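Student: Please take one part of this model and look at it closely: the packing of its helices. I would like the geometry and the contacting residues, then whatever else helps to place them.

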Amino acid sequence: MKAIKDKFPDLVPFGFNDFSGGTSSLGDVVQDMLGVAMTNKDNTYYDRNLDEDYITWLKAFRQVHADGNISDDSFSDNNDAFKEKMTSGKYATMMVAANVNQGNSLQTWLSANPNKGYIAIDGIQSTKGKTPTLSQAGLSGWMINYISQKTKNPAKAIQVFEYLLSDYGQILTNFGIEGDTFNYIDGNKEAISWTDAAAKIQSDDLTKWQKDYRIGEFIQFGHDRFKAYNKASYVKAVWQQQAWGQKYLTPQFKMENISPEPGTQEARALSAITTKWQTTLVSLIRAKDTAEFDKTLATFKQFQKDNEIKEINVTRDKNIKLNMKKLGEK
């Protein structure tokens, strides 16, 4: 980090983009890269936030911050600020939760600097010799869409859903119009290439691509099967990153939807714990020394206990078992 800072003083040595309650760049992503288990050997819920290997790395990040190599802006930057820095190549290295919605920023930088694009690397490694295990999309998908009770014409709304999810609707939203923005390769309906004009705009003028074409922006109805018809449906800047992650993808289907039912006391307690962890994570990295780090972590552990984490985990364990039964696992 010091070598980066000395040689490139205008760069932020290490950046990251969120502390969200789900997958966060210094939470689940780091845990996945360290190969932290999802469950105990008996398939009961494992608290990854308190994993010894993970805590070791959080202490390392604390030292990185103490040495001045993590900008305090990273703790307050919103998504637009993060993307602006990525677009202008301000980060020497960065931890990103996913490149979903980051592709345009990465491509803008790559187009302006063809030999300086960001690439994925094997960065942090387990101190226990474990292999990274990046989570795959789940059986139930990553997003659920609803039609509001206030919808004046629910039948028409359902028709829009069905249209966007149809084969024709997927081709239209992902690739545009045949002959205008794409062509089928040798008549194969499952092999697509951009027209020369569309490929040039996607590569060289992302602002125009976004503003005038809007291709691939209906992410609520995205389907990977259709994306796979054309490698270039993803901007060039993320190709290497996606290829790099393939070898680490690991299904974690048994962990789907295991949290307590919304509206229950357990769900409210879990929400409080999740929020507390987000603020705790920031405090751990910004701790002035290891003593403050340990004290902050101990406070969080007590907070979990006070909010009945054992009861929450009983529900999680039950739901893990139900998922395994559905999957035909023992």
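**Helix packing around α12**

Tutor: Helix α3 (residues 52-66) packs on α12 at an angle of about 55°, and their axes are 7 Å apart. Because of that angle, α3 counts as oblique to α12. On the α3 side the contact is made by Tyr54, Leu58, Phe61, Arg62 and His65, and on the α12 side by Trp277, Leu281, Leu284, Ile285 and Arg286. By class, these residues comprise seven nonpolar, one polar and two charged. The charged ones are Arg62 of α3 and Arg286 of α12, and His65 is the polar one. All of this refers to a predicted model.

Helix α12 (residues 265-286) also meets α13, with axes that come within 9 Å and cross at roughly 175°. An angle over 145 degrees counts as roughly antiparallel, so α12 is roughly antiparallel to α13. From α12 the contact takes in Ala272, Ile273, Lys276, Trp277, Thr280, Ser283, Leu284 and Arg286. From α13 it takes in Glu292, Phe293, Thr296, Leu297, Thr299, Phe300, Phe303 and Gln304. This contact divides into eight nonpolar, five polar and three charged residues. Its charged members are Lys276, Arg286 and Glu292. Trp277, Leu284 and Arg286 of α12 appear in the contact with α3 and also in the contact with α13.

Confidence can be set beside this geometry. The mean pLDDT is highest in helix α13 (residues 290-306), at 98, and lowest in helix α1 (residues 2-7), at 71. Over the protein the average is 89, and 96% of the residues score at least 70.

Another helix pair gives a second case of oblique packing. Helix α8 (residues 196-204) and helix α9 (residues 206-213) pack at an angle of about 120°, and their axes lie 5 Å apart. That angle makes α8 oblique to α9. Ala198, Ile201, Gln202 and Asp204 are the contacting residues of α8, while α9 supplies Leu206, Lys208, Trp209 and Tyr213. The contact has five nonpolar residues, one polar and two charged. Gln202 is the polar residue here, and Asp204 and Lys208 are the charged ones.

Strand β5 (residues 188-194) holds Glu190. Neighbours within four places in sequence left aside, Glu190 is in contact with Arg225 and Tyr229. The C-alpha atoms of Glu190 and Phe75 are 43 Å apart, and 115 residues separate the two along the chain.

Next come the voids. The count is one cavity of 30 Å³ or more, and the largest cavity has a volume of about 30 Å³. Its lining consists of Phe16, Asn17, Ser74, Asp77, Asn78, Phe82 and Tyr91. Three of these are nonpolar, three polar and one charged, the charged residue being Asp77.

The second largest pocket has a volume of about 210 Å³. Its lining is made up of Leu139, Ser140, Phe253, Glu256, Asn257, Asn319, Leu322, Asn323, Lys326 and Leu327. Four are nonpolar, four polar and two charged. Glu256 and Lys326 are the charged pair.

To return to the starting point, α12 is oblique to α3 and roughly antiparallel to α13.

Methods:
Residues numbered from 1 in each chain as written. Predicted model: local features only at pLDDT ≥ 70, side-chain atom pairs only at ≥ 80, totals over all residues. Heavy atoms only, no water. 1 Å grid on protein atoms, 1.4 Å probe; cavity = no way out; pocket = protein on both sides within 12 Å on 5 of 7 lines; lining within 4 Å. Points joined across faces, edges and corners; volume = space filled by probe spheres on them. pLDDT = per-residue confidence, 0-100. Helix = DSSP H or I, 4+ residues; strand = E, 2+ residues; numbered from the N terminus. Axes fitted to C-alpha atoms, helices over the stretch in contact; angles between N-to-C directions. Parallel < 35°, antiparallel > 145°, perpendicular 65-115°, else oblique. Contact = heavy atoms within 4.5 Å.
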